[in-house]
Protein chains: 4
Amino acid sequence: MRWASIGGMARPPTSQSPKAQHPSTPGTGRIDKRAAILDAAFQVFARDGYANAAVDAIAAAAGVAKPTVYNHFTDKQTLFREALAADAERALGRNLAVVQRLSDGRGELRSRLEDLGARLIECYADDRSVAVRRLLCAEASTFPEIHSEIREQTGERVVAALADRFAHLVLDGTLRECDPAQAAEQFEALLAGPMEHRSRSGSRKVSAAARRAIAKAAADTFIRAYAR
Amino acid sequence: MRWASIGGMARPPTSQSPKAQHPSTPGTGRIDKRAAILDAAFQVFARDGYANAAVDAIAAAAGVAKPTVYNHFTDKQTLFREALAADAERALGRNLAVVQRLSDGRGELRSRLEDLGARLIECYADDRSVAVRRLLCAEASTFPEIHSEIREQTGERVVAALADRFAHLVLDGTLRECDPAQAAEQFEALLAGPMEHRSRSGSRKVSAAARRAIAKAAADTFIRAYAR
Amino acid sequence: MRWASIGGMARPPTSQSPKAQHPSTPGTGRIDKRAAILDAAFQVFARDGYANAAVDAIAAAAGVAKPTVYNHFTDKQTLFREALAADAERALGRNLAVVQRLSDGRGELRSRLEDLGARLIECYADDRSVAVRRLLCAEASTFPEIHSEIREQTGERVVAALADRFAHLVLDGTLRECDPAQAAEQFEALLAGPMEHRSRSGSRKVSAAARRAIAKAAADTFIRAYAR
Amino acid sequence: MRWASIGGMARPPTSQSPKAQHPSTPGTGRIDKRAAILDAAFQVFARDGYANAAVDAIAAAAGVAKPTVYNHFTDKQTLFREALAADAERALGRNLAVVQRLSDGRGELRSRLEDLGARLIECYADDRSVAVRRLLCAEASTFPEIHSEIREQTGERVVAALADRFAHLVLDGTLRECDPAQAAEQFEALLAGPMEHRSRSGSRKVSAAARRAIAKAAADTFIRAYAR
DNA sequence: GATGAATGAGTGTTCATTCAT
DNA sequence: AATGAATGAACACTCATTCAT
């Protein structure tokens with residue numbers, strides 16, 4: 001999945017009023033703050049973009065003083081990198097779990113692919129996912145390394161996992177002889193491309209029905225092209 | 001085409017030394033300057049992103065003084081919008097011309113699709129194209145209207161033109177009964193998705209061979225799925 | 001004179017209310033501002049030291065906005081350098097004029113030396129002189145070049161001028177055969193050393209009587225050591 | 001002595017790895033730390049100046065945590081004062097010892113003065129001495145009291161001791177009738193002035209030969225002016 | 001119409017200082 | 001007594017934007 005791979009689940013509501021909250025478990029304070037900052041950073045970066053995101057705003061959102069941010073992360077850049085990475089990690093797990101289902105599924109190929117597609121689209125449409133793609137794309141020239149890192153940690157691995165599933169399906173005769181990597185890449189494209197198109201790069205919501213239709217169409221085209 | 005639609009041709013070498021150049025035709029000076037500013041703006045925005053692009057830098061690149069920029073374009077935002085729009089217009093023509101070839105072509109379906117795919121990928125890989133996609137994506141939340149405007153002027157119309165071609169192919173029996181719009185959307189996705197993947201959102205070059213392979217694979221899958 | 005060479009005259013009262021003052025001579029505005037900034041910078045640096053001097057404060061003192069300061073001088077460092085240099089130039093003239101008097105004087109050697117000493121001490125005790133020495137000394141390790149530059153432009157040349165006068169006095173038999181450079185260095189030391197001592201590096205005033213006494217003592221010792 | 005009076009001896013190598021060193025005598029730990037901090041503070045202040053010296057850096061250099069510094073010294077200011085005072089105390093001893101030699105010496109006046117001068121110049125040229133003078137001068141307006149305190153503890157007393165020696169020399173007829181305090185002040189000036197000049201306020205080294213020459217010249221002038 | 005100069009608002013970053021442990 | 005973590009206050013520097021010419 002180009003970007004679908006970077007899905008995200010709703011993050012736990014961390015940043016509470018800093019004074020009101022006396023950390024339940026002593027010693028967790030540091031970690032709490034670090035997590036709160038990462039989370040706030042992600043939200044602010046997502047909302048304002050890298051350049052427009054004020055560290056002040058991030059600190060405020062995290063319920064922390066500005067220097068505390070710099071205490072945990074040396075730089076605005078570093079904070080950016082780590083915030084994205086943290087989110088990417090969460091997303092990776094979610095995406096891989098979805099792909100795994102393909103092998104576990106017992107049903108007919110078509111329904112299994114439709115289901116897989118629908119779930120990957122869900123990941124792709126997730127707000128945090130959209131935000132990460134935007135940020136990565138926007139800062140691709142400023143932070144080329146981030147882009148590579150995160151993509152390798154997520155997108156690559158998801159497509160690879162997908163390719164692995166397809167390879168099995170080739171072996172057991174469900175799919176025709178083909179390059180599983182290419183098949184995976186195309187399956188992902190058939191999901192993400194139309195979604196990107198319809199959602200206008202994530203700037204408008206796509207109805208559940210439309211999402212389902214995209215998954216159906218992708219599965220249909222894929223089966224026509226690859227099923228034995 | 002999601003973004004491939006926004007291809008660009010090399011723009012004419014505009015920004016010359018401001019003092020050295022005395023506009024040949026008197027009265028053209030204003031227009032010259034306006035064009036020079038638009039061009040410089042595009043380059044600087046493309047290089048630095050919206051937020052990081054200094055109006056100073058744009059003015060310098062255009063060989064004008066900063067207030068001159070503000071005389072022609074009220075805002076940095078306006079300048080951004082117009083610079084992108086100017087580029088999009090150029091790109092649209094190029095893309096439509098490419099799509100038109102599909103109907104003119106006389107050869108076999110496969111080779112015509114491969115050719116079309118290769119040319120669209122060329123548009124997609126063009127530096128200015130990449131830059132526009134990046135900028136649109138990056139500022140999608142800041143300027144949602146821009147995104148829609150430009151997409152409608154370019155992407156939409158290109159996919160529509162493609163759908164129109166496919167509709168003809170359905171009528172003449174080359175393609176099976178299907179929704180031409182969906183077919184167009186998917187064909188575009190099969191080209192753009194893998195390109196985006198391989199080029200890491202345009203941050204690394206994709207070899208000509210690889211591009212050709214993507215076009216071939218897209219045509220192959222498309223034919224298997226849609227040819228009668 | 002070690003530092004006495006860097007005397008200063010009261011600078012003309014430049015920085016007036018910026019709004020109230022419409023530059024009498026049109027076109028002088030830029031220069032006015034530049035001078036006002038230099039002057040304000042000197043005062044603030046002198047009062048607070050380099051590190052503690054806020055550019056904000058300098059701008060305010062000059063009746064200018066902060067960016068205007070950066071418009072005229074790229075850096076805080078540059079501003080510092082130029083402010084000191086500007087002052088040093090003024091001081092040099094004053095010191096050289098004083099030394100020149102030695103040759104013009106017609107009276108007895110002792111009274112001429114006492115007079116010279118007293119005038120050099122006046123230069124040395126000048127507030128701006130004290131400030132420059134402090135700043136140079138304080139930032140000697142941060143801006144080693146400044147130190148050299150200014151010293152060469154001032155201190156060196158004053159001692160050299162003094163040596164030149166003494167050389168003449170050797171030739172006309174007023175002073176015994178000796179190294180005029182060394183004599184100049186020592187004469188300066190006999191003035192500046194006790195002044196530095198008594199004024200506690202310029203942090204307390206030395207009475208006019210005490211200053212006169214120092215000059216007298218220096219002249220006396222010098223004559224005993226060097227007069228024929 | 002203006003500043004020559006503030007000489008320094010190499011301070012014992014205090015700051016060891018804080019963890020590795022378990023104070024041999026229990027209970028000495030506090031004192032060890034205090035000394036380590038003072039020493040580190042001196043070094044950092046000397047290197048960076050007062051304003052630029054980070055308490056962080058001092059703590060690190062001393063192998064302690066920042067709050068430990070604040071436990072021992074309430075303020076950055078206090079730390080500064082005490083660090084300078086500690087160094088001054090060491091220097092005083094050294095300088096007085098040098099002056100004492102004048103009376104013990106048995107040789108001819110000239111050689112004794114030359115020797116005294118050379119030794120005082122040695123003190124004056126010492127790195128820590130140079131640093132202290134710089135710091136005192138730099139912060140003279142910020143901490144006027146420090147300046148007085150330290151000068152009284154060192155400079156004053158050294159000049160006084162010198163004056164005392166000279167008084168004896170007047171009594172035993174070696175020197176002519178004169179004000180011994182003034183003689184002392186001038187002798188010191190003849191040493192320190194040229195040194196300051198030649199070393200460009202301590203920012204470049206002065207060769208041993210040049211130092212010797214300065215001492216010789218000072219002794220010569222002094223003898224011409226004050227010997228019977 | 002074009003410009004040199006000026007500015008108000010804001011940004012990232014640092015530092016002396018203080019709690020809670 | 002010593003520390004890790006947190007903070008409020010500043011500060012250098014930049015930028016989009018506007019006058020006066």
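**Notebook: DNA strand F and salt bridges**

I began with DNA strand F in this predicted model and found 34 residues surrounding the strand, the closest being Pro67(A), Thr68(A), Tyr70(B), Lys66(C) and Thr68(D). Of the atoms of DNA strand F that come within 4 Å of the protein, I noted that sugar and phosphate account for 59%.

I then looked up individual contacts to phosphate oxygens of DNA strand F: an N or O atom in the side chain of His72(A) is 2.8 Å from one, while Val55(B) comes to 2.9 Å through a backbone N or O atom, and a backbone N or O atom of Val55(C) also lies 2.9 Å from a phosphate oxygen. Among the elements giving two or more residues to the surface near the strand, I listed α3 (66–72) of chain B and α3 (66–72) of chain C. Sorted by class, this surface has 16 nonpolar, six polar and 12 charged residues.

Next I turned to salt bridges, of which the whole structure has 70 over all chains. In chain A, I looked at Arg224(A) and Asp220(A), whose side chains meet at 3.1 Å, N to O; they stand four residues apart in helix α9 (residues 208–226), and are therefore separated by about one helical turn. Arg224(A) is partly exposed at 39% relative accessibility, whereas Asp220(A) is buried at 18%.

In chain D, I checked Asp127(D) and Lys205(D), which form a salt bridge at 3.0 Å, N to O. This pair links distant parts of the chain, 78 residues apart, with Asp127(D) in helix α6 (residues 127–138) and Lys205(D) in the loop between α8 (180–198) and α9 (208–226). Both Asp127(D) and Lys205(D) are exposed.

Definitions and conventions
Residues are numbered from 1 along each chain as its sequence is written. Chains are lettered from A and ligands numbered from 1 in the order in which they are written. This is a predicted model: local features need pLDDT of at least 70, side-chain atom pairs count only at pLDDT 80 or more; totals for chains, interfaces and linings use all residues. Side-chain values use heavy atoms; hydrogens and water are left out. A residue is near a molecule or strand if one of its heavy atoms lies within 4 Å of it. A polar contact is a pair of N or O atoms within 3.5 Å; within protein, one must be able to donate a hydrogen and the other to accept it, and residues adjacent in sequence count only if both atoms are side-chain atoms. Ala, Val, Leu, Ile, Met, Phe, Trp, Tyr, Cys and Pro count as nonpolar, Asp, Glu, Lys and Arg as charged, and the others, Gly among them, as polar. A salt bridge is a side-chain nitrogen of Lys or Arg within 4 Å of a carboxyl oxygen of Asp or Glu. Buried means under 20% relative accessible area, exposed over 50%, partly exposed in between (1.4 Å probe, protein chains only).
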